[in-house]
Amino acid sequence: MKNTTQTVNYQVIVPEHLAEKRLDQILSALFPAYSRSRLQSWIRSQQILVDQQIKRPRDKIKAGALITIAATLPEETKWEAQSIPLDIVYEDETLLVVNKPAGLVTHPAVGNPDKTLLNALLHHCPPLKQLPRAGIIHRLDKDTSGLLVIPKTLNAHTQLVKQLQARTIQRDYYAVVEGVLISGGTVNAPIGRHPKLRKKMAVNTFSGKEAVSHYRVIERFAHHTLIKVQLETGRTHQIRVHMAHIHHPLVGDKTYRGRLQLPKKAGPELISCLRQFSRQALHAEHLKLIHPLSQEVIEWQAPLPEDMIKLINCLREDKKHA
């Protein structure tokens, strides 16, 4: 079957924090919905210009330069539509908001070629095959639950990507962390690939990308804290890396916490609850953005899932007997 194509049109000014970086690096930061290889191919085919001039992917670009993209986007045909249940929180002609359960991978990758949220989206809304990554513009880790917004049209996709770039999409998460936090705060620490373990991310002051997380205390327990985190940026594993960085890793996070270490004087009920909680205690609870069609501010909330409610109740009971 012959692929159909759409035209992608963007204009953006290079911000100060990306000045003097490679063109392909700047584009990856500004347009996270597109792969690096796709952006490089657009550069080489002269579908991306800088101040109306042809550039190479490796060329360094100054702040204030005007990047113009006028490219063709082929229909994505490599992913299969699959009938997988979706918890749809909101849907209209331009937007789809879903509450992703823990355990569902957002996008196909090595080790998870199908049975992902993307496959479910293609089954629910077949026209999404004409958008990059079936409209997925931000992700949640496999074992993180909560809200994701998916644009259904190219215009909505363009506008929401711009909102992500401008950091005007508000994303709030609930997390249960180890240790008792005295107060809220901000973690401003760049995140990049771990220098030795390529499947992990890490705070990296040399090659990491800017990453900012704001957190506040919701409830304190005997050995843990329930916090709410607002993302200013959206790096891979950002909350998990940042909280581990300040020595308050998420409960259940095997990647950034390691082996379970039970609190001293923990009761049998708490010990059982912590051992049974098999994922990072993280839930994307609130999402707020400007609707791409009406231009009105619109927001959604997703209640905590049952496993996190059970965990929190267990922590409350443990505090009573501490």
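## Helix α5 and its end

Helix α5 is followed by His 247, whose phi is positive, near 70°. The helix itself spans residues 238-245 and is mostly covered, with 6 of its 8 residues buried. Those buried residues are Gln 238, Ile 239, Arg 240, Val 241, His 242 and Met 243. Here "buried" means under 20% relative accessible area, "exposed" means over 50%, and "partly exposed" lies in between (1.4 Å probe, protein chains only). Helices (H or I, at least four residues) and strands (E, at least two) are DSSP runs, numbered from the N terminus.

## Basis of the values

This is a predicted model, in which local features need pLDDT of at least 70 and side-chain atom pairs count only at pLDDT 80 or more, while totals for chains, interfaces and linings use all residues. Residues are numbered from 1 along each chain as its sequence is written, and side-chain values use heavy atoms, with hydrogens and water left out.

## Domains

The protein chain is assigned domain 1 (7-72), domain 2 (78-166) and domain 3 (167-321). These bounds come from an automatic or database domain assignment. Between the C-alpha centres of domain 1 and domain 3 the distance is 33 Å.

## The annotated position Asp 141

In the unreviewed UniProt entry, the annotation "active site" covers Asp 141. UniProt positions are given in the numbering used here with shortened feature names, and such annotations may be inferred rather than shown by experiment.

Asp 141 sits in the loop between α3 (117-124) and β9 (145-151). Leaving aside residues up to four places away in sequence, Asp 141 touches Lys 100, His 237, Arg 240 and Gln 280; contact means heavy atoms within 4.5 Å. One of these partners, Arg 240, is among the buried residues of α5.

## Salt bridges

The model has 13 salt bridges, each defined as a side-chain nitrogen of Lys or Arg within 4 Å of a carboxyl oxygen of Asp or Glu. Side chains of opposite charge can pair when their charged atoms come close. Arg 22 and Asp 24 form one such pair, at 2.8 Å from N to O. Arg 22 is partly exposed at 28% relative accessibility, and Asp 24 is buried at 0%. Arg 36 joins Arg 22 and Asp 24 in a network of salt bridges. Arg 56 and Asp 59 also pair, with an N to O distance of 2.8 Å. Arg 56 is partly exposed, with 43% relative accessibility, while Asp 59 is buried at 15%.

Lys 320 bridges to Glu 317, and their closest N and O atoms are 3.1 Å apart. Both belong to helix α7 (residues 306-320), and because they are 3 residues apart there, about one helical turn separates them. An α-helix has 3.6 residues a turn, so residues three or four places apart point the same way. Lys 320 is exposed, at 63% relative accessibility, and Glu 317 is partly exposed, at 39%.

## Two buried strand residues

Thr 68 belongs to strand β6 (residues 66-74) and is buried, with a relative accessible area of 16%. Val 12 is 56 residues from Thr 68 along the chain, yet their C-alpha atoms are separated by 6.8 Å. Not counting residues up to four places away in sequence, Thr 68 touches Tyr 10, Gln 11, Gln 47, Ile 48, Leu 49 and Gln 52. With Gln 11 there is also a side-chain polar contact of 3.4 Å. A polar contact is a pair of N or O atoms within 3.5 Å; within protein, one must be able to donate a hydrogen and the other to accept it, and residues adjacent in sequence count only if both atoms are side-chain atoms.

Asn 99 lies in strand β8 (residues 95-100) and is buried at 16% relative accessibility. Outside the residues up to four places away in sequence, Asn 99 touches Asp 87, Val 89, Gly 146, Leu 147, His 283 and Ala 302.

## Cysteines

The count of disulfides is 0, where a disulfide is a pair of cysteine sulfur atoms within 2.5 Å. For Cys 273, the closest cysteine sulfur is that of Cys 314, 3.4 Å away and therefore too far for a bond. Cys 273 is buried, at 9% relative accessibility. Cys 314 is likewise buried, with a relative accessible area of 12%.
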